[in-house]
Each structure stands twice: as structure tokens, then as C-alpha cells.
Amino acid sequence: MSGEISESWRISRDAVNRVRTLIESQGQVMAEIPGHADFGEDFHVMLVENQRRTGEVFALQVKGGKSYRRAGGYQVSVGKHGDFWRKTTVPVICVVHDPELDKLFWVNASAVLRRQPTTTTLHLQPDQVLDAESFPAFIESVRADVSPRNEFLRALSRLSGAELQQQDYVGYFQNESGEPMVFRQRRGEPFGSVFHSDVDWEEVRTSAVPSEVADTVSKLVTEAEMSAGFEAGEISSQLSPSHLNLFENLVLSGGGLITDNAEGHWLRSCLSASCYLRDLPPAKI
């Protein structure tokens with residue numbers, strides 16, 4: 001019948017209105033994108049702090065209805081939006097409204113697709129509830145994704161192809177030949193990862209030289225000197241710094257990547273600065 005309002009339209013608008021009510025009740029500014037344009041975004045949200053806009057913006061894609069419910073949570077198809085959601089500098093948050101529970105659930109679609117570029121389905125966990133109580137933590141998470149540091153991480157990720165996360169220690173270096181390198185230390189991993197343009201950005205795992213290894217090498221050098229009839233330290237004391245660094249650089253490289261002196265110094269400084277992360281338990285994903 002002409003003029004009839006479909007059930008799916010009503011459910012969709014209920015979801016949109018539910019999200020709008022929550023966001024605006026928290027003092028944030030929303031701009032709705034016209035419904036006839038399917039760009040994979042329903043709203044742009046401008047963050048507000050102390051009654052002033054901060055300049056930080058994120059997008060919302062809102063879904064409504066129990067059809068998205070699955071065992072263990074909710075699922076939303078990425079559809080044709082995956083490439084845009086992954087590359088955009090304005091992160092897209094997907095929100096599902098369950099009308100029976102009258103609850104909102106969310107997932108950072110852009111973050112998921114940056115980690116898993118080929119995924120076709122977003123999974124929303126049942127504990128990822130979006131309400132007035134969880135809103136501060138939600139905003140903190142979104143704000144981390146739009147921070148200048150994340151822009152830096154995304155730029156290095158596009159350069160190297162490495163997956164870089166907010167909690168990682170990340171270093172950047174360019175050698176005298178103009179070849180860039182990226183270092184990444186993940187929380188709880190016993191090694192750091194080096195990505196070097198000279199080896200097609202392949203990941204090379206590396207770790208600091210253990211003190212017992214250094215002690216063993218020193219003893220071997222001393223024994224070799226004495227067996228050749230020299231005093232301990234007579235030969236090694238005359239070696240140049242580059243020779244003294246050679247063994248350590250080879251161990252640091254973990255095989256598959258030979259570093260020169262400057263690269264070795266940079267790599268050792270990265271490993272030293274990020275040592276606290278190797279002592280922590282792995283991050284929860």
C-alpha cells in the first residue's frame with residue numbers, strides 16, 4: 001500500500017535514534033550523512049571537551065535488528081566498504097542496536113581491517129557494550145585511534161607493510177644510502193622485529209645479545225690470544241670499534257639481515273629502549 005512504512009526502516013531508524021540520543025547526551029556533536037548515500041558511514045562525530053570541539057572526528061556505521069545476532073555476539077558484513085574503512089584517516093566505528101535487549105554494541109571497523117585486510121565479516125563481542133557507563137572508555141579508545149601518533153604509525157605501516165599498534169614500541173631509521181628501516185617491539189614478545197626496505201620489507205626477528213653470550217665471546221677471544229702466544233687483550237685492544245661491533249651486529253640481525261655500524265647502533269638503542277615491553281605479559285587482543 002502506498003505510504004506504508006516498512007518494519008526494516010523502523011528498526012533502522014530506531015537504531016540511529018538510539019545512537020544519536022546516547023552520543024548527544026554525552027555532549028558530543030553529530031552530523032548525519034544523508035540516508036540515500038551509501039558510503040558506509042551514517043554519522044560523523046566531532047569530539048567535544050570542556051564545551052569546545054577538539055578537532056578529532058570519527059565516523060559511525062549504525063545497524064539495527066536481531067538479524068545481526070550470532071552465537072557469541074554479533075556480526076556485520078564488510079561488503080564493499082572494506083578498502084575504504086581500512087585506508088580512511090577518519091576511523092569508522094560499527095554499532096549494532098539489538099532491539100530486544102535495547103543495547104548497543106560496537107567495534108572499530110577500521111582497526112580490525114588494518115590488522116586483517118582480507119576479512120569480510122566484523123565480529124562484535126557481547127561485552128563491547130556502548131552506553132553511558134562505558135562511554136568514557138569508548139571515547140578514550142577512539143581518541144587513541146585518531147591521535148597524531150596513530151597517524152605516524154599508519155604512515156610507517158603503509159611504508160613497510162608491517163602491522164603497527166598503539167601499544168607497540170616503534171622506531172624509524174634511514175641509512176646513509178637512503179634505505180628506510182622500521183623497528184617494532186610488541187608487549188610480551190621476547191624479540192623485536194626489523195623491517196628493512198633493502199630486503200623487501202621482510203620481517204627479521206632480533207634480540208639483544210645476552211650478557212652470557214658476550215662473556216663467552218670475550219673468553220674465546222682471550223683464549224685465542226693466549227694460545228697464539230700473546231698476552232690477554234693484546235690483540236683485541238687494537239681492534240677498531242667497527243670490528244668490535246661486528247659480532248654483536250650479526251647476532252642482533254638474527255640471521256637474514258646484516259647491519260652496518262650505524263644500523264647496529266640504532267638497532268641496539270631500539271632494543272634497549274623497548275626492553276620493558278619484553279618483560280610484560282602479552283597484550284590482550
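**View 1. Strands S11 and S12 in the four-stranded sheet.** In this predicted model, strand S11 (residues 192-196) and S12 run antiparallel and are joined by four bridges, where two strands pair if DSSP finds at least two bridges between them. Glycine 192 stands opposite threonine 206 in S12. Helices (H or I, at least four residues) and strands (E, at least two) are DSSP runs, numbered from the N terminus. Residues are numbered from 1 along each chain as its sequence is written, and side-chain values use heavy atoms, with hydrogens and water left out. Because the model is predicted, local features need pLDDT of at least 70 and side-chain atom pairs count only at pLDDT 80 or more, whereas totals for chains, interfaces and linings use all residues.

**View 2. The open sheet S9-S10-S11-S12 and the helices packed on it.** The four strands form an open sheet in that order, with antiparallel pairing; its edge strands, each pairing on one side only, are strand S9 (169-174) and strand S12 (203-206). Neighbouring strands of this sheet are turned by 25° against each other on average, direction ignored, with axes being lines fitted to C-alpha atoms, for helices over the stretch in contact, and angles running from 0 to 180 degrees between N-to-C directions. H5 packs on the sheet and touches S9, strand S10 (180-185) and S11, its direction making about 55° with that of S9; contact means heavy atoms within 4.5 Å. Helix H8 (residues 261-273) also packs on the sheet, touching S9, S10, S11 and S12, and its direction makes about 170° with that of S9.

**View 3. The five-stranded sheet with helices H1 and H4.** This open sheet has the order S1-S2-S3-S6-S7 and mixed pairing, with strand S1 (29-32) and S7 as edge strands that each pair on one side only. The twist averages 30° from one strand to the next. Six bridges join strand S6 (residues 92-98) to S7, which run antiparallel, and histidine 97 has leucine 104 in S7 as its bridge partner. Helix H1 (residues 7-25) lies across S1, strand S2 (43-49), strand S3 (52-64), S6 and S7, running at about 155° to S3, while H4 packs on the sheet, touching S2, S3, S6 and S7, with its direction at about 110° to that of S3.

**View 4. The salt bridge between arginine 18 and aspartate 102.** The closest N and O atoms of this pair are 3.1 Å apart, a salt bridge being a side-chain nitrogen of Lys or Arg within 4 Å of a carboxyl oxygen of Asp or Glu. Arginine 18 lies in helix H1 and aspartate 102 in the loop between S6 and S7, so the pair ties together parts that are 84 residues apart in sequence.

**View 5. The hairpin of S4 and S5, and the pairing of S5 with S8.** Strand S4 (residues 69-70) and strand S5 (residues 73-77) pair in the antiparallel sense over two bridges, with tyrosine 74 in S5 as the bridge partner of arginine 69. The hairpin has two residues between the strands, and glycine 72 takes a positive phi near 85° there. S5 is also joined to S8 by four bridges, the two running antiparallel, and the bridge partner of tyrosine 74 in S8 is leucine 124.
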